[in-house]
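Okay, thanks for squeezing me in. I'd like to walk you through the contacts in this one, and then finish on a pocket. Have a look at it first.

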Amino acid sequence: MNIHYYPGCTLKEKTTNLDDSTREAMAVLGYELVEPANWTCCGAEYPLSEQKISGLTAPARILRQVHSEGGGQVVTTCAFCFNVLKRTNVDIKRNPLKNKQINAFLKDDIKIDPNTKTKTTGFPPYNGEVDVLHLLEFLRDEVGFHTIRAGLKRDLSGLKVAPYYGCRMLRPGGGIGIDSPDSPVIFEEFLESLGCRVVDFPFKQECCGSYLAVSRPAAATEASYQVLRSAIINGADAIALSCPLCYYNLDRRQDRIKDAHAGFSGFPVFFFTQLLAWALGVAEDVLGLDQHYYNPKSVLHNQPKTEVAQ
Amino acid sequence: MKISIKIGADEKKFIDRVSELSGKNVYSCYQCGRCSAGCPFAFDMDILPNQIIRLVQMGLAEEALSCEAINVCASCFTCQSRCPKGIDIASVAEALRQLRDPQEKDFFGPDDVPRELADELPQQALVALFRKLSK
């Protein structure tokens with residue numbers, strides 16, 4: 001079955017491991033991921049000022065493209081893309097003024113015929129017809145966690161994983177996030193379906209430092225360290241996450257965290273799709289584990305057997 | 001620091017403009033401080049998130065627009081999810097950044113990115129940051 005999938009810029013360049021593991025895992029589950037034609041950057045950050053309407057046009061254009069290709073839903077794994085696409089779609093559906101303003105921008109888009117080079121304009125209005133889903137939501141509601149459990153090929157029952165939500169999968173509330181902003185369970189349920197042992201930790205919804213890694217690196221390092229430390233002292237073997245920027249902060253910047261905190265010696269961080277693909281029997285070399293600063297490969301192989309009842 | 005408070009026409013105009021841009025009613029804040037208690041970056045700010053709102057409530061435009069805290073906010077929305085009055089400080093900070101020197105230079109632009117980081121940074125970090133801090 002084909003489903004529309006919006007990877008976003010970062011997955012094409014910096015975190016191909018997230019893109020590859022997502023495609024491989026979904027292929028095992030019987031889904032082929034199709035990208036909307038001519039997709040662009042979604043803008044990464046939802047414009048919070050009521051006056052910055054032009055920032056909503058890029059995500060709206062992507063959604064309109066999905067709709068014009070007959071897609072009723074679009075799936076993402078990047079938490080930033082998810083947040084921007086979802087908030088824009090909700091604006092278009094709930095806010096008549098923004099709907100009008102966005103469509104006023106979009107209708108004058110120019111379409112160029114690739115063969116004749118003739119230019120046409122005038123697009124029908126987009127009114128929020130496409131459902132924006134995070135892959136975790138799709139796995140829960142469309143695939144079903146029980147289907148994943150039934151298809152497991154590898155035993156992860158000895159692996160203690162701390163699910164890290166971060167900000168943009170959950171907040172703001174009001175129908176945007178994939179679960180309750182205060183007491184989410186979807187990530188925990190997903191990891192349980194893989195057979196992992198789930199480790200709860202108080203920093204699972206805290207910010208990792210986000211783009212402050214560029215403008216205020218010391219502050220971002222501190223925030224990332226607090227998240228990692230919390231997972232470690234609560235007994236986790238690894239962290240699972242979804243956002244490429246969280247991955248950058250929590251894994252790729254571990255050299256800087258080590259410099260700032262002498263007691264920190266590195267910690268494995270997985271994308272949730274890498275664990276999914278691994279559990280479903282995908283070959284290890286597809287997962288891109290060598291792209292990580294801290295290669296989490298050994299964690300998958302050296303699992304202590306535990307007495308968890310099946 | 002000595003501050004004189006007078007809510008005249010200019011102050012009212014500033015408060016209304018922040019409310020209009022952010023879409024939030026800043027008057028509804030009663031300074032409970034839950035935003036500051038939960039803010040993961042309060043430690044790196046010159047004034048606390050609830051103090052940003054207080055400055056706006058008092059119409060102190062110069063103080064509110066010149067604080068460093070509005071550049072530190074990472075829009076994680078922890079404050080928004082905890083505010084009993086539904087204010088989200090990320091939006092108020094965005095409104096303040098928009099009112100600050102509207103036509104002038106980037107506050108943090110492409111030239112400010114450390115060269116050694118340019119290759120390793122994920123695209124989304126740069127795009128999101130420039131959306132916040134450059135024109």
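So, between domain 1 of chain A and domain 2 of chain A, about 2,200 Å² is buried, and carbon and sulfur atoms give 68% of that area. Keep in mind that this is a predicted model. In case you're hunting for the bounds on your screen, domain 1 of chain A runs over 2–132 and domain 2 over 144–301. Their centres, taken over C-alpha atoms, sit 26 Å apart. Domain 1 of chain A puts 25 residues into the contact, and domain 2 of chain A puts in 30.

How many salt bridges does the rule find across that domain interface? Just one. While we're on salt bridges, please find A:Glu45. Its side chain meets that of A:Arg168 in a salt bridge, at 2.9 Å from N to O. And A:Glu45 also forms a salt bridge with B:Lys132, where the closest N and O atoms are 3.3 Å apart. So that residue has one partner in chain A and another in chain B.

That takes us over to the chain pair. As you know, people often give the size of an interface as the accessible area lost when the parts come together. For chain B and chain A, that buried area is about 3,700 Å², with carbon and sulfur atoms giving 57%. Which three residues supply more than any other three of the area that chain B buries against chain A? They're B:Gln123, B:Gln124 and B:Arg131, and together they supply 19% of it. The contact takes 43 residues from chain B and 43 from chain A. As for salt bridges, the rule finds five across this chain interface.

Last thing, the pocket. The largest pocket holds about 440 Å³ of space. In chain A, helix H3 (57–68) and strand S4 (110–112) are the elements that give two or more residues to its lining. H3(A) makes the largest share, with six residues. There are 19 lining residues, and the ones nearest the centre of the pocket are A:Arg61, A:Arg64, A:Gln65, A:Ser68 and A:Phe123. What's the lining made of, by residue class? It divides into 10 nonpolar residues, five polar and four charged.

Okay, that's my tour. Shout if you'd like to go back to any of those views.

Terms used: Residues are numbered from 1 along each chain as its sequence is written. Chains are lettered from A and ligands numbered from 1 in the order in which they are written. This is a predicted model: local features need pLDDT of at least 70, side-chain atom pairs count only at pLDDT 80 or more; totals for chains, interfaces and linings use all residues. Side-chain values use heavy atoms; hydrogens and water are left out. On a 1 Å grid over the protein atoms alone, a cavity is a set of points where a 1.4 Å probe fits but cannot get out, and a pocket is an open set with protein on both sides within 12 Å along at least five of seven lines; lining residues have an atom within 4 Å of a point. Grid points are joined across faces, edges and corners, and a volume is the space filled by probe spheres set on the points. Helices (H or I, at least four residues) and strands (E, at least two) are DSSP runs, numbered from the N terminus. Ala, Val, Leu, Ile, Met, Phe, Trp, Tyr, Cys and Pro count as nonpolar, Asp, Glu, Lys and Arg as charged, and the others, Gly among them, as polar. Domain bounds come from an automatic or database domain assignment. Contact means heavy atoms within 4.5 Å. Buried area is the accessible area (1.4 Å probe) that two parts lose on being put together, summed over both. A salt bridge is a side-chain nitrogen of Lys or Arg within 4 Å of a carboxyl oxygen of Asp or Glu.
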